Amino acid sequence: MTGATTTTIKPIQHRNLCNHSRSSCMIGTNFHNWEHADSPRKKLFISEEYFGDETTVLLECELSSDILSSSQSSNLKTTFNVKDVVCRDPPHDLSLSHSQEFSSFTVDDYPYLELKNTGESSADDQNRNFQQHEEAYAHNIQVRQDHVVELTSILNSIGTVHLSRGDYESAMKFHQESLAIRISNLGPKHPDVARALVFVGMVHDECGQYNKAKKNFLEGLRVQRAVLGNDHVDVAATFNSLGVLCEKKGDYSKAMKAYSVALRIYRSCLGSRHVDVAVTLNNIGQVHSHCNEYEDAMTAYQEALSIMKAILGKNHRNISATMHNIGLVHASLNDHDHALKIYRDVLQAQRQSLGDDHPDIATSLDSMGRVYEKKGNHKKALRFYSKALRVRRAAWGEGHLFVAITLAQIGTFHKEVDGDNTKALRRFTEALKLYRAQSFKDDNSRVTKILQDIQFVKALISLDKQHQQQNP
């Protein structure tokens with residue numbers, strides 16, 4: 001089996017004109033309700049929670065003629081659930097004031113917006129309303145230039161939803177549309193164009209198209225440095241994205257360089273006790289762990305943990321993520337019992353804060369399965385892998401990339417551990433089918449590996465049949 005997966009906390013691009021920094025570390029169930037009531041007939045209802053590496057948004061969207069051209073100011077309205085639309089790119093140039101009791105913010109700069117939490121809807125409503133929102137964009141909406149950023153932010157939101165659902169073709173379509181609109185209206189040397197380039201790169205990254213992702217990240221980085229300077233937080237976030245990319249490719253030296261640049265910028269701009277600093281320290285710890293530098297990894301994780309506990313509280317999702325990574329260090333050092341204890345504590349915290357069907361639950365179950373595999377308890381290991389698969393299917397659907405990856409992992413378990421080549425072939429074939437559904441070509445690293453695995457187990461099955469025929 002391959003090594004356990006560390007939990008990367010991915011960066012979000014900050015708004016260059018916004019005093020409220022959108023940290024990639026803000027993960028969990030903290031709700032921030034934005035309100036403005038000056039113009040009740042012109043409103044954009046958005047409820048957001050920091051969830052994963054994304055900001056989950058919305059509920060009701062009604063775009064007025066202030067945003068659309070007069071010829072296109074007809075009824076563009078739709079309703080979503082909080083967990084449906086994800087916005088990494090908040091409205092441009094927000095002035096935010098903090099309300100301690102409700103952790104809410106007031107939008108001072110947008111008289112045509114009212115932002116507030118309006119509740120949740122059923123799963124059927126979520127899918128139907130998300131489809132309605134997409135259909136509204138199927139029309140040729142003419143965008144007034146001074147509202148390009150707001151509308152393209154919504155396009156990015158829809159694209160990010162598709163990305164989280166594993167629909168990479170649709171995700172790319174919306175992010176590329178946003179990029180094209182921004183280039184056309186803002187010019188190629190604009191920070192929002194750079195941000196859109198990074199979004200496109202993230203889709204390529206998730207598809208395993210690392211060279212294309214790197215090209216987008218570097219192009220976005222060049223624009224950011226030219227427009228914002230070398231020490232802007234957006235520059236740091238893009239370096240963090242580059243670090244994640246290099247880490248996935250196994251180029252740990254370049255990953256460490258990228259993370260180190262991000263860490264320096266974050267400390268310079270935000271201070272040493274900021275959540276973005278903790279995010280980057282967590283990711284630096286992962287690189288040390290990959291390189292078997294476990295003492296350095298533990299030092300980085302503990303510093304990240306100290307910052308996050310002070311800012312986010314002990315039950316925050318990011319704290320569970322870093323604790324999980326600490327558990328991985330103990331597992332790598334063959335301290336299996338200690339690792340299992342940490343995983344159980346993390347799993348309990350995750351279930352309390354996220355529920356039983358959240359993807360983070362699957363990550364913990366998967367790691368526990370790996371420990372049991374190392375301990376030689378293969379039956380229990382397979383049971384945990386299967387639980388992780390069920391959670392990922394429940395959370396993301398049958399066709400998600402992570403479901404395919406989990407199927408491939410279970411296939412590898414059968415191939416390398418219990419020798420059940422028939423089951424291995426079935427899981428590998430299921431995984432390949434999902435990769436193909438994502439339009440992955442044969443030169444994709446995941447497809448190449450799965451094709452090799454299928455060929456290998458088919459050969460073993462054939463040899464076994466020949467042996468049985470010769471020795472009935």
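Let me start with one residue: Asn292, at 53% relative accessibility, counts as exposed, because the cut-off for that label is over 50%. I should say straight away that what we have here is a predicted model, and that everything I describe is computed from it.

Asn292 sits in the loop between α8, residues 275–290, and α9, residues 294–312. What drew my attention to this asparagine is its backbone, since Asn292 is not a glycine and yet has a positive phi of about 65°. As background, most residues other than glycine have a negative phi.

There is a second case to set beside it, and that is Asn334, where phi is near 65°, again a positive value in a residue other than glycine. Where along the chain is Asn334 found? Its place is the loop between α10, which covers 317–332, and α11, which covers 336–354. Is Asn334 buried or exposed? At a relative accessibility of 54%, Asn334 counts as exposed, because this value, too, lies over 50%.

Let me now step back to the whole chain, which has 16 helices and nine strands in its secondary structure. The chain has 472 residues, and 54% of them count as buried. If we take the contacts in the chain with a separation of 6 or more, residues 24 or more positions apart account for 65% of them. The accessible surface of the chain, finally, comes to about 20,600 Å², and carbon and sulfur atoms contribute 47% of that area.

Technical notes. Residues numbered from 1 in each chain as written. Predicted model: local features only at pLDDT ≥ 70, side-chain atom pairs only at ≥ 80, totals over all residues. Heavy atoms only, no water. Helix = DSSP H or I, 4+ residues; strand = E, 2+ residues; numbered from the N terminus. Buried < 20%, exposed > 50% of the residue type's maximum accessible area, 1.4 Å probe, protein only. Contact = heavy atoms within 4.5 Å. Areas by Shrake-Rupley, 256 points an atom, 1.4 Å probe, with all protein chains shown as cover.
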